[in-house]
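Grab a coffee and open the viewer. Below is a set of short exercises, each with a worked solution to follow step by step.

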Amino acid sequence: MSNTETRPAELRCGGEAEAARPADVEVLTARDVPLGGPRAMRVRRTLPQRARTLIGAWCFADHYGPDDVTGTGGMDVAPHPHTGLQTVSWLFSGEIEHRDSLGSHAYVRPGELNLMTGGHGISHSEVSTPDTTILHGVQLWVALPGEHRETERDFQHYVPDPVPLQGGEARVFLGSLAGDTSPVRTFTPLLGAELTLAPGAGTTLGLDPDFEHGVLVDSGDVLVGDTAVRPAELGYTAPGRTTLTLTNRGAEAARLVLLGGPPFEEEIVMWWNFIGRTHDDIVRAREDWMKGTRFGEVHGYDGAPLPAPELPNAPLKPRGRVR
């Protein structure tokens with residue numbers, strides 16, 4: 001799933017800093033976003049937003065479900081483009097069929113990572129499979145650094161083994177955590193992991209102090225450090241931490257997604273499904289998509305590609321991380 005809003009606002013990776021930030025854990029609330037296309041889906045978006053729009057190179061986080069799609073038809077996102085980023089697809093339940101202009105034909109399944117690189121340009125489609133009844137997961141984007149933002153298109157698939165934690169387990173799909181390291185290639189240091197905690201359990205994780213981190217709560221009555229973070233919220237911690245304690249105070253299991261990376265110092269422009277450095281980068285990407293060049297073709301999808309929305313009247317401004 002991608003940013004298929006019919007009228008996307010400028011996605012500003014970093015907005016203006018708040019007047020005062022909590023010293024320990026900053027809690028970010030999600031906004032409800034309807035996606036366009038032949039079948040509308042609603043997602044909860046925690047990145048980007050004005051208060052905190054980058055966590056390392058992570059610049060986009062949509063959280064959706066659990067949705068019973070038997071009556072709605074599920075996900076059906078027609079071919080659409082990406083440039084200057086990597087997409088990270090991670091499911092908790094359901095199944096999605098992926099096709100892209102590299103020729104990849106793969107499935108997104110629970111506990112399995114699909115990472116697609118759209119440097120200079122790629123296009124893809126995403127359709128939930130007929131057997132899917134409950135669709136539930138996250139869709140994440142990673143901004144490519146300037147020296148790699150024109151890199152060739154790529155697709156990687158990885159199935160991490162569960163790693164035991166005190167009171168739970170982790171599945172490390174990017175980077176390193178709890179003694180496990182993902183082999184998936186990225187262009188900046190990153191951490192991405194699904195964590196589960198048993199009822200009443202707590203665990204303390206060792207962290208890279210050069211990283212900032214975000215804990216996206218999917219379910220459970222969770223404390224991040226001493227701060228309560230509710231389902232669909234994201235708890236942010238600044239660089240400098242060497243440990244982080246997570247506690248599930250509830251009577252049901254808790255599930256979280258942990259993201260991290262060193263602060264991303266470059267200014268970027270995000271609009272629709274593109275990341276560039278200037279307004280003109282976005283204009284060129286949109287023109288290339290509408291002309292049918294640069295992004296290639298997706299074969300096997302039954303339908304037409306998504307047209308790009310109209311650009312806003314005002315120039316898109318590059319933004320940097322909140323400090």
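## Exercise 1: The largest pocket

The largest pocket holds about 260 Å³ of space. Keep in mind that this is a predicted model.

**Task.** Find which residues lie nearest the centre of the largest pocket, and work out how its lining splits by class.

**Solution.**
- Step 1: start with the lining, which is made up of 16 residues.
- Step 2: go to the centre of the pocket, where Pro79, Trp289, Gly296, Glu297 and Pro305 lie nearest.
- Step 3: sort the lining by class, and you get ten nonpolar, five polar and one charged residues.

## Exercise 2: Two cores

**Task.** Say which residues have the most contacts inside the largest nonpolar core, and which strand gives the most to this core.

**Solution.**
- Step 1: the largest nonpolar core has 35 residues, and Trp58, Cys59, Val88, Leu113, Phe173 and Leu174 are those with the most contacts inside it.
- Step 2: look for the strands that each supply at least two residues; among them are S4 (58-68), S6 (85-93), S14 (168-174) and S24 (254-261).
- Step 3: S11 gives the most, with five residues.
- Step 4: don't stop there, as a second, separate core has 26 residues, including Val33, Met41, Val108 and Val269.

## Exercise 3: Two annotated domains

**Task.** Take the two Pirin domain features from UniProt and find how much helix and strand each span has.

**Solution.**
- Step 1: an unreviewed UniProt entry lists "domain: Pirin N-terminal" at residues 41-142.
- Step 2: over residues 41-142 the chain is 0% helix and 64% strand, and the end C-alpha atoms are 22 Å apart.
- Step 3: "domain: Pirin C-terminal", also from an unreviewed UniProt entry, is placed at residues 194-294.
- Step 4: the span 194-294 is 13% helix and 47% strand, with its end C-alpha atoms 34 Å apart.

## Exercise 4: A pair of threonines

**Task.** Threonine 46 and threonine 29 touch each other. Decide for each: buried, partly exposed or exposed?

**Solution.**
- Step 1: threonine 46 lies in strand S3 (residues 41-47).
- Step 2: buried means under 20% relative accessible area, so threonine 46, at 2%, counts as buried.
- Step 3: beyond its sequence neighbours, threonine 46 touches residues including Leu28, Arg52, Ala61 and Leu234.
- Step 4: threonine 29 lies in the loop between strand S1 (26-28) and strand S2 (31-35). Its relative accessibility is 45%, so threonine 29 counts as partly exposed.
- Step 5: the contacts of threonine 29 outside its sequence neighbourhood are Arg45, Thr46, Gln49 and Glu233.
- Step 6: now try a long jump along the chain. Threonine 29 and proline 231 are 202 residues apart in sequence, yet their C-alpha atoms are 9.5 Å apart in space.

## Exercise 5: Valine 257

**Task.** Place valine 257 in the fold, then list what it is in contact with.

**Solution.**
- Step 1: valine 257 is in strand S24.
- Step 2: its relative accessibility is 1%, so valine 257 counts as buried.
- Step 3: leaving aside neighbours within four places in sequence, valine 257 is in contact with Phe92, Phe173, Ala193, Gly214, Val215 and Leu216.
- Step 4: pick valine 215 from that list. Valine 257 and valine 215 are 42 residues apart in sequence, and 5.8 Å apart from C-alpha to C-alpha.

## Exercise 6: Backbone oddities

**Task.** Check the peptide bonds leading into proline 48 and proline 66: cis or trans? Then look at phi for tryptophan 272 and arginine 294: positive or negative?

**Solution.**
- Step 1: the bond from leucine 47 to proline 48 is cis, with omega near -5 degrees. Proline 48 lies in the loop between S3 and S4.
- Step 2: the bond from glycine 65 to proline 66 is cis, with omega near 0 degrees. Proline 66 lies in strand S4.
- Step 3: tryptophan 272 is not a glycine, but has a positive phi of about 50 degrees. You'll find tryptophan 272 in the loop between strand S25 (269-271) and strand S26 (274-276), and at 2% relative accessibility it counts as buried.
- Step 4: arginine 294 also has a positive phi, near 75 degrees. Arginine 294 sits in the segment after helix H1 (279-291), and at 22% relative accessibility it counts as partly exposed.

Notes. Residues are numbered from 1 along each chain as its sequence is written. This is a predicted model: local features need pLDDT of at least 70, side-chain atom pairs count only at pLDDT 80 or more; totals for chains, interfaces and linings use all residues. Side-chain values use heavy atoms; hydrogens and water are left out. A nonpolar core is a set of buried Ala, Val, Leu, Ile, Met, Phe, Trp, Tyr and Cys residues joined through side-chain atoms within 4.5 Å. Buried means under 20% relative accessible area, exposed over 50%, partly exposed in between (1.4 Å probe, protein chains only). Helices (H or I, at least four residues) and strands (E, at least two) are DSSP runs, numbered from the N terminus. UniProt positions are given in the numbering used here, feature names are shortened, and annotations may be inferred rather than shown by experiment. Contact means heavy atoms within 4.5 Å. On a 1 Å grid over the protein atoms alone, a cavity is a set of points where a 1.4 Å probe fits but cannot get out, and a pocket is an open set with protein on both sides within 12 Å along at least five of seven lines; lining residues have an atom within 4 Å of a point. Grid points are joined across faces, edges and corners, and a volume is the space filled by probe spheres set on the points. Ala, Val, Leu, Ile, Met, Phe, Trp, Tyr, Cys and Pro count as nonpolar, Asp, Glu, Lys and Arg as charged, and the others, Gly among them, as polar.
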